[in-house]
Structures are given as structure tokens and as C-alpha cells.
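Me: I'm new to this one and would like to understand the words people use for it. Could you walk me through them?

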Amino acid sequence: MDETVAKSRVLVIDDSAMVRRYIRDALERSRFEVQEAFNGVEAMERVLSTRFDLLVVDVNMPKMDGYAFLHALRGREGELATIPALMTSTEAGPQDMAAAYAAGANYYLVKPVSQDDLIRYANALTGHSP
């Protein structure tokens, strides 16, 4: 791989350190650059100061959950409103998926998410080559 090519930058937003580590490890092995946030409030601070190519967003988090975060982001002007988002949750009902898409998610994956699925969707949303 040409090292001069910029890596796709991903923000992983989840209140579980273990889940963030699992997602980070998979993405970094696939040559993504990864940053982390603990909740939607911290994530909003990050997206306002750093350009990201993809957001991996948990639903259930303290302070600001994933739905509220995506609603707030999609309501903004410009590029921030269009950052692709992959939402993850343990909630598996059709109403949960519908709520994720209504909030602005591009894809919804039920935890536990396989690393292969995570990478496949991350590549699709960013145009990243494996």
C-alpha cells in the first residue's frame, strides 16, 4: 500500500471501552485511522474539530445517546451533516433499525458485530480499499 495515501479516519463512539477496543483493533488492522469518544457529547466536540470519513455510533450511551447525536449532526449545515454513520446496538427489533435510519444512520448492525461485517461496511461507506 502506498503510505502517501491518506487513511480513512473513523470516530468510534461507544461508552464501553472493551467495544471501542474491539472496533479499533479491527479497523486499524484494515488500515483505518481511528479515534474514540465515550458518548455523543464528546463525539460532537471531536467532529467539530477534526474531519472524519466515518462514524461508528453506539445507540445507548450516557449524556447523549447515538440517536440524539446523529439527529444533531444531521441537522447541521455542510459536510458534517453528510459524514457516513454505521450505528451499532444490542437492540435488534425492526423499530430499533427504523429509529436508527430516522436519526440518519447509513447502516445498522446488531451487536455483537463481527469484525468482517464491520470492515465490509466501513469499506463500503468510505470507499476504502482493503
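Me: What makes the contact between the side chains of R24 and E28 a salt bridge?

Reply: Happy to help! This is a predicted model, and in it the N to O distance between R24 and E28 is 2.6 Å. A salt bridge needs such a pair within 4 Å, so this contact qualifies. R24 and E28 both sit in helix α1 (residues 17-29), four residues apart, about one turn of the helix.

Me: Why is R24 called buried?

Reply: Its relative accessible area is 17%, and buried means under 20%, so R24 is buried. E28, on the other hand, has 36% relative accessibility; that lies between 20% and 50%, so E28 counts as partly exposed.

Me: Which side chain meets E36 in a salt bridge?

Reply: That is R24, again with 2.6 Å from N to O. This pair links distant parts of the chain, with E36 in strand β2 and R24 in helix α1, twelve residues apart. Salt bridges that share partners join R20, R24, E28 and E36 into one network.

Me: How do you know that R9 and E33 form a salt bridge?

Reply: Their closest N and O atoms are 3.1 Å apart, and the limit is 4 Å, so the pair counts. R9 belongs to strand β1 (residues 9-13) and E33 to strand β2 (residues 33-37), 24 residues apart.

Me: Why does R9 count as partly exposed?

Reply: R9 has 21% relative accessibility. Buried would need under 20% and exposed over 50%, so R9 falls in between.

Methods: Residues numbered from 1 in each chain as written. Predicted model: local features only at pLDDT ≥ 70, side-chain atom pairs only at ≥ 80, totals over all residues. Heavy atoms only, no water. Helix = DSSP H or I, 4+ residues; strand = E, 2+ residues; numbered from the N terminus. Buried < 20%, exposed > 50% of the residue type's maximum accessible area, 1.4 Å probe, protein only.
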